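Hello,

Here is the structure I promised to pass on to you. Please open it alongside this message, and my notes on what turned up follow below.

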Amino acid sequence: MIRDARWRRLMKIHLRSIFAIRGFWAFLLFSSLGEAAVNGQAALKTVSESSASALSYELNGESSFFGRGGASAGSTNFGNITEISSSASFVLSAQVRDTVMLRLGVEWQRYSFEPEARAPIPDSLQGLDLAIGADLQISPALLLRIGAHPGIYSDFRDVSWQDFNVPFEVVGTYFVSSDLIFRSGLP
């Protein structure tokens, strides 16, 4: 009888530790899922007897939760800050030659912060811009993307010409094989 009671108590402890370990791993799994993304891509193609013309589009949406972090400047501690990043884009692409594809679209980004009242950080920073560029096929294994993103990058409280900017990107992609791709660029 005493032996059975000890056995039951040990089994309860063992089962609790198994559930604790599984619960800990489940917590880590769900806490690491702080990002959600939705992507769509399609091509509209019309083919006539003399030529083929393709128009495609990309539709992207993404949101990420970065969690809590401390903010300080020098020896001044401003407390904890939470950040959420969101973005959406719609880009049309038109094949104008066998090796050239033109891109035109609109993009939106938002970085939301939940700072404590004494932190010198805005509630949000946003960007609304045009995506203008081209994809060039330099060789069968090398692609080059050149693009500009003229738009307004601000907290959207007092928008002025100082909030207008034109960042650009040059990105090269080298296809070593179907399993290995190298990508490098200047944002």
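A salt bridge here is a side-chain nitrogen of Lys or Arg within 4 Å of a carboxyl oxygen of Asp or Glu. Please keep in mind throughout that this is a predicted model.

With that rule in hand, the count comes to 3 salt bridges. One of them joins the side chains of R103 and E58, with an N to O distance of 3.1 Å. The two partners come from distant parts of the chain: R103 sits in strand β4 and E58 in strand β2, 45 residues apart. As background, side chains of opposite charge can pair when their charged atoms come close. Both residues come up again below, in the linings.

Next, the strands. β3 and β4 are antiparallel partners over 16 bridges, and a hairpin of 2 residues joins them. If you want a place to check the register, S85 has Y111 in β4 as its bridge partner. β5 and β6 also pair in the antiparallel sense, over 7 bridges, and here too a hairpin makes the connection through 2 residues. Across that pairing, A134 stands opposite I146 in β6.

β6 (residues 142-148) has a further partner in β9 (residues 168-175), again antiparallel and over 7 bridges. There, L143 is bridged to T173 in β9. β9 in turn pairs with β10 (residues 181-186) in the antiparallel sense over 6 bridges, and these two strands form a hairpin with 5 residues between them. Y174 finds its bridge partner in β10 at F182.

Now to the empty space, which I suspect you will want to look at yourself. Rolling a probe the size of a water molecule over the atoms shows where empty space is left.

Which residues line the largest pocket? They are E58, D135, L136, L143, L144, R145, E169, V171, T173, F175, I181 and R183. The space inside comes to about 330 Å³. β5 (124-139), β6, β9 and β10 each bring at least two residues to this lining, and β9 gives the most, with 4. By type, the lining residues are 6 nonpolar, 1 polar and 5 charged. E58 of the salt bridge with R103 is among the lining residues, and so are L143 and T173, the bridge partners from β6 and β9.

How many cavities of 30 Å³ or more does a search of the whole structure find? The search finds 1. About 50 Å³ of space lies in the largest cavity. Its lining is made by R103, A131, I132, G133, A134, R145, I146, G147, A148, H149 and E169. These divide into 5 nonpolar, 3 polar and 3 charged residues, and both β5 and β6 supply at least two of them. The opposed residues A134 and I146 are in this lining, as is R103, the salt-bridge partner of E58. R145 and E169 line the largest cavity and also the largest pocket.

Finally, the surface. A nonpolar patch of about 970 Å² is made by L55, L59, F90, L92, L104, V106, W108, L128, L130, I132, F156 and V159. Two or more residues each come from β2 (52-73), β3 (76-97), β4 (100-115) and β5. L128, for example, lies in strand β5. I132 belongs to this patch and is also listed in the lining of the largest cavity.

Those are my notes; do write back once you have had a look.

Best wishes

Key: Residues are numbered from 1 along each chain as its sequence is written. This is a predicted model: local features need pLDDT of at least 70, side-chain atom pairs count only at pLDDT 80 or more; totals for chains, interfaces and linings use all residues. Side-chain values use heavy atoms; hydrogens and water are left out. Two strands pair if DSSP finds at least two bridges between them. On a 1 Å grid over the protein atoms alone, a cavity is a set of points where a 1.4 Å probe fits but cannot get out, and a pocket is an open set with protein on both sides within 12 Å along at least five of seven lines; lining residues have an atom within 4 Å of a point. Grid points are joined across faces, edges and corners, and a volume is the space filled by probe spheres set on the points. Ala, Val, Leu, Ile, Met, Phe, Trp, Tyr, Cys and Pro count as nonpolar, Asp, Glu, Lys and Arg as charged, and the others, Gly among them, as polar. Patches are made of residues with over 30% relative accessible area and no salt bridge: like charges are joined within 9 Å, nonpolar side chains (Val, Leu, Ile, Met, Phe, Trp, Tyr) within 5 Å. Accessible areas come from the Shrake-Rupley method with a 1.4 Å probe; for residues, only the protein chains shown count as cover.
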